[in-house]
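Q: Please take a close look at one part of this model. Keep it brisk, and set that part in the context of the chain.
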Amino acid sequence: MPKKQPRNSFYFFMLDFKEEQRKKGIQYANMAEIANAAGPLWREAPQSVRVKFEAIAKEEKEKRNIPLQKFTSTGVPLSEIERQNRELQEAAEAEKQDINDLIKLKCFNKAIYWEDFYLMDVNYYCKVDSTYLIGEFAVLRFNLRDGIKEQYHKNINPGHIPTGYASDVKHGSQELGLEMPDEDPQKRTDYIHILAYIIDYLHQHNQEDRPNSQRPDMKNFPPIFTVPEKVEAVQDFIIQLCNKASEDDSLFRVYRLDTLLFTLVNGLASSKEMMLPKESLAMGHLKQDGFKYTPGLGCQHHEDLDKSTECAKSRVTRWAYSVLDLALPRTDVEPAPGKHVPHDYNIEGILQFKEQRKVRAGPSVASPSAGPSCSSTANTSLNDSTASTSFTRALRTHTPLRKPNMDFASKLRVAPEITEQDFKPITSRRTGRGRGDLAGSFNNMNISK
Ligand SMILES: [Zn+2]
């Protein structure tokens, strides 16, 4: 590439000089000639003239930003990428601050016990451009005092399969146990109805079982939490609903569940020993998915397919149990079966279930430190350095939360193998009743509520 003429103050002086000479009828062949002619004048020029042309040069430089402009191999200006990264970072910081504001103050007077948290998960067939073709969603509400309150779950029929995506949709439906979309307009999901339900559901936030003085004002919807790899999909699902219903999607906030867990646990901790030293440990605890093999948590469709671990309803329930598992030992709340821990939590059922699965991934976790609390899985992740480093790595790979340029589905990892020891403290207090009763037990709970 030929070197460009530097656009300094002398350059602009030369342009001016050239124009003045042209008016007098004097022409120059090239810039070098002009430079020779204008050079002595520039050196003699008074300060006021120099200042004038320096200002022009500075203005031009800012306008063009040439010295800073660098490009990636795909032709995107680096400054643009830096700007996007900066925005993502600012959004992540604002999210952390928001979660902090939500939690920290309430931990002092136990108001946090009544604070309702919402968890949402979606299953999608595939990504079509930047939108997700959603096939199932579930939302759940829980708080520390009452555990899981109720869930709302729906299989979604998006109807039309976008041209060219038939095989992707088929693959996604097999992978996740979703029904294939049905083109019949009668069977299409009514998105507006779902959004109305979600809004009603969010409005129930903190409304029951709490002293009037502690009831919040409902200016904003409470944030919706999900795991980092689902933030974009959940956000996109809400945007899709809002677009169909002409609702303002900026009313909704979708935040990371690991940040909530970390902030919550450390807010509740009464001593330094009770705190999580690193945020990645909260993520590690969620990834460990200690309740993965609890039978009966999925929707009927996934249970029938024997694919309940992939069910959105099962996932939000497991997340809630995982959060409570780590948070409750730092409170004076006694865990109640069916609310804070699964109804029928028996080791035999889990082992059987595991045998059927034969899902194996990664090395077995280190043996947890003994303790009567139900947070043994937390201890495990704290003690197991290999587990936590791999989780840290996983966390770093998906920095862009809002506009990632990759498909997070490929980042989903199978949880590490769970050993008997992980379940001992909980199962020791419960005797199982077997699998079949479970689906009903949640409903019973809801009705009695
Ligand atoms: Zn399901």
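Which residues in helix 4 meet which residues in helix 8?

A: A word on the source comes first. This is a predicted model, in which local features need pLDDT of at least 70, side-chain atom pairs count only at pLDDT 80 or more, and totals for chains, interfaces and linings use all residues. Residues are numbered from 1 along each chain as its sequence is written.

Now the pair itself. Glu95, Lys96, Ile99, Asn100 and Ile103 in helix 4 meet Thr259, Leu260, Thr263, Leu264 and Gly267 in helix 8. By class, this contact of helix 4 with helix 8 has four nonpolar, four polar and two charged residues. Here Ala, Val, Leu, Ile, Met, Phe, Trp, Tyr, Cys and Pro count as nonpolar, Asp, Glu, Lys and Arg as charged, and the others, Gly among them, as polar. Two residues are in contact if their C-beta atoms, placed from the backbone, lie within 7 Å.

Next, the geometry. Helix 4 spans residues 78–103 and helix 8 residues 257–268. They pack at an angle of about 35 degrees, with their axes 10 Å apart. Axes are lines fitted to C-alpha atoms, for helices over the stretch in contact, and angles run from 0 to 180 degrees between N-to-C directions. The crossing of helix 4 past helix 8 is right-handed. That term applies if the near helix is turned clockwise from the far one by less than a right angle; anticlockwise is left-handed.

The wider chain has 16 helices and five strands. Helices (H or I, at least four residues) and strands (E, at least two) are DSSP runs, numbered from the N terminus. Of the contacts with a separation of 6 or more, 71% are between residues 24 or more positions apart. Buried residues make up 35% of the 449 residues. Buried means 20 or more other C-beta atoms within 10 Å of a residue's own, exposed 12 or fewer, and partly exposed in between, with C-beta atoms placed from the backbone.

Helix 1 offers another packing case. Its buried residues are Ser9, Phe10, Phe13 and Met14. They lie on the same side of helix 1 because they cover an arc of only 130 degrees around the axis, taken from the directions from the helix axis to the C-beta atoms. These buried residues pack against helix 2 (31–44) and helix 3 (47–64). On the other side of helix 1, Glu19, Arg22 and Lys23 are exposed. Just after helix 1, Gly25 takes a positive phi of about 90 degrees.
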